[in-house]
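Good morning, colleagues. Please take a moment with the sequence and the structure before I begin.

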Amino acid sequence: MVRLVCGFSTTDAQVDQLLAAVEGADPEHPPFRVEPRLWARTCELAEELTDALVEDDVPNEEAATEVAAELYELLRPFI
């Protein structure tokens, strides 16, 4: 299924990939050379993003946009 989220088409497969990544990420065990506080905040925001996308029948676009922007700003220095 393709749905429109924040003006972008998003497939169920993409959302499933995000959910799997969030589920597999352990905030207590950051990847090698990633600061623990940065990793914990990244995991927290990723979980908030998935909640905004899948918690209700209709994605909460406003919340998803806000969290995605915060996640982008957090990780921008690393991309």
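In which helix does aspartate 51 lie? Aspartate 51 belongs to helix 2, and that helix will occupy much of this talk. Please keep in mind throughout that we are looking at a predicted model.

Let me first give the overall layout. The protein chain contains 3 helices and 2 strands, and following the sequence one reads the pattern β-β-α-α-α. The chain has 79 residues, of which 23% count as buried.

I turn now to helix 2. Helix 2 covers residues 36–54. With its 19 residues, helix 2 spans 27 Å between its first and last C-alpha atoms, close to the 27 Å expected at 1.5 Å a residue. Which residues of helix 2 are buried? They are Leu38, Trp39, Thr42, Cys43, Leu45, Ala46, Leu49, Thr50, Ala52 and Leu53.

Two of these deserve a separate word. Cysteine 43, in helix 2, has a relative accessible area of 9% and is therefore classed as buried. Its C-alpha atom is separated by 9.6 Å from that of alanine 21, a residue 22 positions away along the chain. Alanine 46, also placed in helix 2, is buried as well, because its relative accessibility is 15% and the cut-off for burial is under 20%. The C-alpha atoms of alanine 46 and leucine 71 are 7.5 Å apart in space, although 25 residues apart in sequence.

Alanine 21 brings us to helix 1, where that residue is placed. Is alanine 21 buried or partly exposed? Alanine 21 is partly exposed, since its relative accessible area is 47%. Besides the pairing with cysteine 43, alanine 21 has a C-alpha distance of 9.8 Å to glutamate 47, with their positions 26 residues apart in sequence.

Between helix 1, residues 12–24, and helix 2 there is a loop, and arginine 33 is found in it. Arginine 33 is not a glycine, yet it has a positive phi of about 70°. Its relative accessibility is 76%, so arginine 33 counts as exposed.

Next, the charged contacts. How many salt bridges does a search of the whole structure find? The search finds 2 salt bridges. In one of them, the side chains of arginine 41 and glutamate 44 meet at 2.4 Å, N to O. Both residues lie in helix 2, 3 residues apart, which is about one turn of the helix. As a general point, an α-helix has 3.6 residues a turn, so residues three or four places apart point the same way. Arginine 41 counts as partly exposed because its relative accessibility is 25%, and glutamate 44 is likewise partly exposed, at 41%.

Arginine 41 also forms a salt bridge with glutamate 70, and here the closest N and O atoms are 2.2 Å apart. Arginine 41 is in helix 2 and glutamate 70 in helix 3, so this pair ties together parts that are 29 residues apart in sequence. Through salt bridges with shared partners, Arg41, Glu44 and Glu70 are joined into one network. For glutamate 70 the relative accessible area is 35%, which means that this residue is partly exposed.

I close with the surface patches. Which residues form the negative surface patch? The patch is made up of Glu47, Glu48, Asp51, Glu55, Asp56 and Asp57. Here we return to aspartate 51, the helix 2 residue of my opening question. Its relative accessible area is 34%, so aspartate 51 counts as partly exposed. That value also fits the patch criterion, because patches are made of residues with over 30% relative accessible area and no salt bridge. Glu47, which we met through its distance to alanine 21, is another member of this patch.

A nonpolar patch is found on the surface too, formed by Tyr72, Phe78 and Ile79, with about 400 Å² of accessible area together. Tyrosine 72 lies in helix 3, residues 61–75. With a relative accessibility of 44%, tyrosine 72 is therefore partly exposed.

To summarise, helix 2 contributes buried residues including Cys43 and Ala46, arginine 41 links glutamate 44 and glutamate 70 in one salt-bridge network, and the surface carries a negative patch that includes Asp51 as well as a nonpolar patch that includes Tyr72.

Conventions:
Residues numbered from 1 in each chain as written. Predicted model: local features only at pLDDT ≥ 70, side-chain atom pairs only at ≥ 80, totals over all residues. Heavy atoms only, no water. Patch = residues over 30% accessible without salt bridge, like charges linked within 9 Å, V, L, I, M, F, W, Y side chains within 5 Å. Areas by Shrake-Rupley, 256 points an atom, 1.4 Å probe, with all protein chains shown as cover. Salt bridge = Lys/Arg side-chain N within 4 Å of Asp/Glu carboxyl O. Helix = DSSP H or I, 4+ residues; strand = E, 2+ residues; numbered from the N terminus. Buried < 20%, exposed > 50% of the residue type's maximum accessible area, 1.4 Å probe, protein only. Lys, Arg positive; Asp, Glu negative; His and termini not counted. Charge placed at Lys NZ, Arg CZ, Asp CG, Glu CD. Expected span 1.5 Å × (residues − 1).
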